[in-house]
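Here is a short set of exercises to work through with the model open in your viewer. Try each task before you read its solution.

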Amino acid sequence: MSNPADLRYSPTHEWAKLDGDVVTVGVTKFAVEQLTEPTFLELPAVGKVLAAGKAFGIIESVKSTSDLNSPVTGTVVERNELLLEDRAKKRAADLAPVNDDPFGTGWMVKVKLAPGATLDHLLTAAQYDEQLASDGH
């Protein structure tokens with residue numbers, strides 16, 4: 001799967017899509033492949049203020065646990081509840097959207113940008129592809 005050109009990327013493998021002043025955030029296909037079947041997801045509550053480059057959640061797999069880092073500064077206005085339903089009963093199959101469609105239905109949170117915040121510091125798809133190649137992926 002190629003990385004969509006209309007998204008911006010963080011060096012820690014999160015993606016961001018700007019729509020007005022709201023940014024949809026998720027993890028890249030590369031991140032999902034490195035995790036190997038995510039089994040648990042922890043996302044912030046609506047209203048939580050996020051800082052660019054700082055952890056906002058956790059994603060776990062049988063292989064590892066990783067922080068999710070916010071690519072932008074702003075306030076969570078929505079989270080993908082489909083991924084969080086019946087958290088106590090979560091199974092890997094419930095996180096299928098993250099595995100199967102990380103750039104679409106597998107999105108994680110929507111963040112209203114803080115005043116003055118932009119996506120200019122994030123990588124373009126071409127720059128992200130270069131980063132992956134230089135890291136030997």
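A nonpolar core here is a set of buried Ala, Val, Leu, Ile, Met, Phe, Trp, Tyr and Cys residues joined through side-chain atoms within 4.5 Å. Keep in mind throughout that this is a predicted model.

**Exercise 1: the cores**

Task: find the residues with the most contacts inside the largest nonpolar core, and the elements that give two or more residues to this core.

Solution. Start with the count: the largest nonpolar core has 25 residues. Inside this core, Leu-41, Leu-43, Leu-68 and Met-108 have the most contacts. Next, look at the elements. Two or more residues each come from β3 (22-27), α1 (29-35), β6 (55-61) and β9 (109-113). Then pick Leu-43 and set aside its neighbours within four places in sequence: Leu-43 is in contact with Phe-56, Leu-68, Arg-79, Asn-80, Leu-84, Met-108 and Val-109. Finally, a second core of 10 residues is separate from this one, and Leu-7, Trp-15, Leu-123 and Ala-125 are among its members.

**Exercise 2: the fold as a whole**

Task: list the order of the elements in the protein chain, and decide how its radius of gyration stands against the globule rule.

Solution. First, the inventory: the protein chain has three helices and nine strands. Read from the N terminus, their order is β-β-β-α-β-β-β-β-β-α-β-α. The radius of gyration of the protein chain is 14 Å, and the globule rule gives 14 Å for 137 residues, so the chain is as compact as a globular protein of that length. Along the principal axes, the C-alpha atoms fill a box of roughly 40 × 40 × 20 Å.

Now turn to contacts and surface. Of the contacts with a separation of 6 or more, 66% are between residues 24 or more positions apart. Buried residues account for 43% of the 137 residues. The chain exposes about 6900 Å², with carbon and sulfur atoms supplying 51% of that area.

For the charges, count the side chains: 13 are positive and 20 are negative, and the centres of the two sets lie 5 Å apart.

**Exercise 3: two residues of one strand**

Task: for Val-27 and Thr-24, say whether each is buried or exposed, and list what each touches beyond its sequence neighbours.

Solution. Begin with Val-27, which is found in strand β3. Its relative accessibility is 4%, and the cut-off for buried is under 20%, so Val-27 counts as buried. Without residues up to four places away in sequence, Val-27 touches His-13, Glu-14, Trp-15, Val-32, Leu-68, Val-98, Pro-102 and Met-108. For a distance check, take Lys-63, which is 36 residues from Val-27 along the chain: the two C-alpha atoms are separated by 17 Å.

Go on to Thr-24, which also has its place in strand β3. Thr-24 counts as buried because its relative accessibility is 15%. Leaving aside neighbours within four places, its contacts are Trp-15, Ala-16, Lys-17, Trp-107, Val-109 and Lys-110.

**Exercise 4: from Thr-24 to Lys-17**

Task: place Lys-17 in its strand and classify its accessibility.

Solution. Lys-17 lies in strand β2 (residues 14-19). At 37% relative accessibility, this lysine falls between the 20% and 50% cut-offs, so Lys-17 counts as partly exposed. Beyond four places in sequence, Lys-17 touches Asp-6, Leu-7, Val-22, Val-23 and Thr-24. Its C-alpha atom is separated by 21 Å from that of Leu-84, a residue 67 positions away along the chain.

**Exercise 5: positive phi and a helix end**

Task: for His-13 and Thr-36, find the loop that holds each, then classify Ser-134 by accessibility.

Solution. Phi of His-13 is near 80°, a positive value in a residue other than glycine. His-13 lies in the loop between β1 (8-9) and β2, and its relative accessible area of 17% makes it buried.

Thr-36 also has a positive phi, near 60°. Its loop runs between α1 and β4 (38-42). With 36% relative accessibility, Thr-36 counts as partly exposed.

Last comes Ser-134, in helix α3 (residues 125-134). Ser-134 is exposed, since its relative accessible area is 60%. The C-alpha atoms of Ser-134 and Arg-79 are separated by 33 Å, with their positions 55 residues apart along the chain.

Note on methods. Residues numbered from 1 in each chain as written. Predicted model: local features only at pLDDT ≥ 70, side-chain atom pairs only at ≥ 80, totals over all residues. Heavy atoms only, no water. Helix = DSSP H or I, 4+ residues; strand = E, 2+ residues; numbered from the N terminus. Rg over C-alpha atoms; globule rule 2.2 N^0.38 Å. Buried < 20%, exposed > 50% of the residue type's maximum accessible area, 1.4 Å probe, protein only. Contact = heavy atoms within 4.5 Å. Areas by Shrake-Rupley, 256 points an atom, 1.4 Å probe, with all protein chains shown as cover. Lys, Arg positive; Asp, Glu negative; His and termini not counted. Charge placed at Lys NZ, Arg CZ, Asp CG, Glu CD.
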